Amino acid sequence: MVVRMQRVTKRYGDVVALDNVDLTIERGEIVGLLGPNGAGKTTTISGVYGLTRFDAGEVTLFGHPAKRIDPGIKRRMGLVPQDIAVFDDLTAGENVSYFGRLYGLSGRALTEGVSFALEFTGLNERRDQRPKSFSGGMKRRLNIACALAHRPELVILDEPTVGIDPQSRNHILESVRALNRDGTTVIYTSHYMEEVEAVCSRVIVMDHGRVIASGTQSDLKALVSDEETIDIELERMTPRVVEAVRSVAGVKECLPEGTHLRITVERDGVRLGRVIEKATGLGVEVLSAQIERPTLESVFLSLTGRTLRD
Amino acid sequence: MTIFATYVKRVFAGPWIILLTIVVPVLIVLLVGVDGGAGIRVALFDYDKSELSRMVTDAVTPVSVFVDIEEDEIDEALLDGRVEYALILPQGLEDAVLRGERAGLRSHSLQGVEMTGSVRSAANALLSTAHNVARHVEGDRDAFRRAMGLVGDGRFALQTETFRSERAALPTDQASGVSRLVGLLTLTMLAMVVITCFIFLKDVETGTFHRTLAGPMSVRRYMVETNGAFFLVTVLQGIAAAIVIGIIFPQLGLMATLMLVLVLAVFSLVAVSLGLAVANIAKTVRRTQVTVNFLLIPMAMLGGAFWPVEIMPRFLQRLADFTPIRWVTSATQALLSGAELTEIVPHIGILLLFAVVFQLLGSWNRVDIAR
Ligand SMILES: Nc1ncnc2c1ncn2[C@@H]1O[C@H](COP(=O)(O)OP(=O)(O)O)[C@@H](O)[C@H]1O
Ligand SMILES: [Mg+2]
């Protein structure tokens with residue numbers, strides 16, 4: 001177990017930033033911490049990193065109580081802060097090198113670590129330039145590179161893609177997956193559910209300082225509903241087609257709407273191919289077909305009654 | 001040493017650094033150094049127009065630059081610095097000396113400014129010789145003038161140096177220049193501090209300060225390394241300045257130069273601590289600028305960086321004791337007039353006390369920022 005939080009509570013005056021939070025993170029996972037602004041994501045990971053003192057509860061890191069995080073344990077972690085924090089009077093290379101040395105690298109290990117981090121974030125060509133001349137996406141990538149030179153076992157990224165172009169965003173998401181493939185445990189914080197859906201093996205949904213749900217993506221979606229909707233568009237609508245589709249095992253409901261058929265089925269219970277076969281078997285061509293599954297957005301909506309962007 | 005090395009590099013990489021550590025100090029040395037060597041600005045009023053008064057005038061000429069003013073302007077001219085010393089040779093001076101009366105010269109200078117001693121002692125030495133001669137000639141003006149003529153020819157040596165000026169490291173006129181020089185150098189050192197302040201605050205603003213402290217390093221270690229880096233830069237500046245002064249004024253000697261190095265090194269510590277205190281209290285670059293304008297610059301004025309503290313009113317002089325620059329300038333004056341190391345220990349002690357207080361103000365609350 002890399003991280004374990006038990007009944008952690010944190011207050012800022014009257015604001016309860018964390019309310020009895022329990023969570024565990026296993027080696028090799030990519031865990032998404034999903035929640036709207038103010039949900040308590042940053043407070044949670046600050047606690048994991050030993051930067052925040054809690055009012056109650058316990059945190060253990062790599063099996064050690066977080067109250068006594070020694071430098072040795074710190075060096076096994078890398079934190080990418082939510083707000084870009086790099087020196088703008090140092091070059092990209094110098095920035096990464098500074099943090100590499102801070103985390104205990106020197107000599108050959110330092111040179112290699114810096115090259116790895118810059119290469120990894122696609123900044124190698126820019127290593128001698130200062131971040132002043134960088135685009136938002138490049139600054140974000142440098143922000144990440146600064147946490148990677150020392151090859152941490154646990155990387156914590158706090159909203160690493162805020163305010164950047166889609167290309168840089170994809171680059172970052174791909175990098176996170178690559179890091180994980182190499183065995184790094186990742187905590188990925190975001191209020192963009194598409195990102196969490198794209199990279200995370202497990203998701204922890206937070207709101208108002210509480211963990212409101214956690215599990216794999218399909219676990220969470222199962223929470224919302226055990227049904228899916230299939231929408232197919234037909235060349236023409238006939239009563240026999242409706243009957244035939246209705247007779248497919250697992251189909252609960254089948255409603256014609258013009259040339260569209262809206263079919264409610266058990267989750268993962270019906271193959272789309274079976275439905276299409278039925279229609280074409282009766283000589284009716286299928287023009288398009290779509291499965292509507294619940295998204296994390298709809299999970300959040302159904303759990304809180306609000307959308308993530310509220 | 002990561003933080004130490006990086007900060008030193010960053011300070012030296014800044015565009016202002018060459019200006020501040022080399023150009024400005026050298027300019028100051030050139031301007032003030034040359035001016036300081038020219039002699040003491042003396043207003044001399046000879047109402048006696050006698051042989052004796054002419055000899056007094058000759059005696060002070062080598063150490064003086066004469067300034068032409070009216071007698072009723074003396075106070076004003078002393079205050080605004082046009083004149084450093086006013087010497088009045090009253091009518092009947094020679095007659096009084098011949099009669100054996102202890103006729104004195106009247107002189108005006110700002111109380112406490114000891115840099116005018118060479119003029120004073122030259123005039124007094126001549127006068128006391130005149131008194132001695134007068135005792136022997138028993139009123140014979142011709143004999144008196146003949147004897148005094150021999151003195152003027154150098155046949156009798158004049159005892160012109162007082163005990164204090166005998167051990168002085170520099171002639172007093174040059175000492176006044178050097179002391180003004182040091183005052184101005186403290187200013188460039190303070191400017192360096194403002195720069196370090198800005199670097200530190202920029203780190204708070206960019207978040208790199210917090211990010212650094214989030215790493216596996218203790219707050220204490222961070223403070224020691226940043227302090228060390230800023231101190232190194234400032235102390236190099238101070239030492240370089242002291243060495244340049246030592247080269248320009250070789251008469252200063254090794255000991256006094258080393259003492260100057262020591263004083264400026266201790267002041268570097270004060271300056272850096274002050275910078276951290278200002279940064280910690282002001283918290284933003286903008287507010288630091290305000291603090292510099294309304295606190296640091298008045299403090300430098302009060303402390304004697306621009307002009308001697310002694311020309312200020314009494315109560316301001318008391319107030320000046322609460323500024324660190326005051327103790328740098330007075331330690332400098334002391335060591336220029338030949339003080340031993342032990343005599344400037346109190347100054348150094350007080351400077352160290354300032355450093356401790358500023359360090360406390362600088363670290364107070366800092367740990368909270370880290371949280
Ligand atoms: N230093 C702080 N002082 C006061 N309130 C804070 C502080 N940090 C966070 N909060 C509050 O705690 C709650 C959780 O904040 P945060 O963890 O930053 O949320 P998130 O990262 O999910 O956007 C918010 O209501 C926020 O206003
Ligand atoms: Mg946040």
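The following questions and answers walk through a predicted model, taking its ligand sites, selected residues, one helix and one chain in turn.

Visitor: Which element gives the most residues to the shell around ligand 1?

Guide: The shell around ligand 1 includes Tyr12(A), Val15(A), Ala17(A) and Pro36(A), and the run from Asn37(A) through Gly38(A), Ala39(A), Gly40(A), Lys41(A) and Thr42(A) to Thr43(A) also belongs to it. Two elements of chain A, β2 (15-25) and α1 (41-48), give two or more residues each to this shell. With three residues, the one that gives the most is α1(A).

Visitor: How many residues of each class, nonpolar, polar and charged, does the shell around ligand 1 have?

Guide: Among the residues that surround ligand 1 are Val15(A), Gly38(A) and Lys41(A). Sorted by class, the shell has five nonpolar, five polar and one charged residues.

Visitor: How far is an oxygen atom of ligand 1 from an N or O atom in the side chain of Thr43(A)?

Guide: Polar atoms of the protein approach oxygen atoms of ligand 1 at several places, and one of them is a polar backbone atom of Ala39(A), at 3.1 Å. A polar side-chain atom of Thr42(A) is 2.6 Å from an oxygen atom of the ligand. For the side chain of Thr43(A), the corresponding distance from an N or O atom to an oxygen of ligand 1 is 2.5 Å.

Visitor: What share of the area that ligand 1 exposes when taken alone is buried by the protein?

Guide: The contacts of ligand 1 include the one between an oxygen atom of the ligand and the side chain of Thr43(A), at 2.5 Å. Taken alone, ligand 1 exposes 560 Å², and the share of this area that the protein buries is 61%.

Visitor: Which parts of chain A are tied together by the protein donors of the magnesium ion?

Guide: The magnesium ion, ligand 2, has as its protein donors OG1 of Thr42(A) and OE1 of Gln82(A), which lie 1.9 to 2.3 Å from the ion. Because Thr42(A) belongs to one element and Gln82(A) to another part of the chain, 40 residues apart in sequence, the pair ties together helix α1 and the loop between β6 (77-80) and α3 (92-102).

Visitor: Are Thr42(A) and Gln82(A) buried, partly exposed or exposed?

Guide: Buried residues have under 20% relative accessible area and exposed ones over 50%. Thr42(A) has a relative accessible area of 31%, so it falls between these limits. Gln82(A), at 26% relative accessibility, falls there too, and therefore Thr42(A) and Gln82(A) both count as partly exposed.

Visitor: Phi is positive in Arg7(A) and in Phe62(A), so where does each residue lie, and is each buried or exposed?

Guide: In both Arg7(A) and Phe62(A), neither of which is glycine, phi is near 45 degrees. Arg7(A) is found in strand β1 (residues 3-12) of chain A, whereas Phe62(A) lies in the loop between β4 (56-61) and β5 (64-65) of that chain. With a relative accessible area of 51% Arg7(A) is exposed, while Phe62(A), at 10%, is buried.

Visitor: Which residue offers the backbone nitrogen that the side chain of Ser53(B) reaches?

Guide: Ser53(B) is found in helix α3 (residues 51-60) of chain B, and its relative accessible area of 0% makes it buried. Leaving out residues up to four places away in sequence, Ser53(B) touches Asp46(B), Asp48(B) and Leu89(B). The backbone nitrogen that its side chain reaches, at 2.9 Å, is that of Ser50(B).

Visitor: Which residues is Ser268(B) in contact with, leaving aside its neighbours within four places in sequence?

Guide: Ser268(B) has its place in helix α12 (residues 253-282) of chain B, where it is buried, with a relative accessible area of 0%. Apart from those sequence neighbours, the residues in contact with Ser268(B) are Met189(B), Phe231(B), Thr234(B) and Val235(B).

Visitor: Which element of chain B do the buried residues of α5(A) pack against?

Guide: Eight of the ten residues of α5 (residues 136-145) of chain A are buried, so this helix is largely enclosed by the rest of the structure. Met138(A), Leu142(A) and Ile144(A) are among these buried residues. Within chain A they pack against β6, α3, α4 (107-120), β7 (154-158) and α6 (166-181), and in chain B against α10 (208-214).

Visitor: What share of the residues of chain B count as buried?

Guide: The secondary structure of chain B comes to 17 helices and four strands, and its accessible surface to about 17000 Å², with 64% belonging to carbon and sulfur atoms. Of the 371 residues of chain B, the share that count as buried is 51%.

Key: Residues numbered from 1 in each chain as written. Chains lettered and ligands numbered in written order. Predicted model: local features only at pLDDT ≥ 70, side-chain atom pairs only at ≥ 80, totals over all residues. Heavy atoms only, no water. Near = heavy atom within 4 Å. Polar contact = N/O pair within 3.5 Å; in protein donor to acceptor, adjacent residues only side chain to side chain. Areas by Shrake-Rupley, 256 points an atom, 1.4 Å probe, with all protein chains shown as cover. Nonpolar A, V, L, I, M, F, W, Y, C, P; charged D, E, K, R; others polar. Donors = N, O, S within 2.8 Å, 3.2 Å for Na, K, Ca; no water. Buried < 20%, exposed > 50% of the residue type's maximum accessible area, 1.4 Å probe, protein only. Contact = heavy atoms within 4.5 Å.
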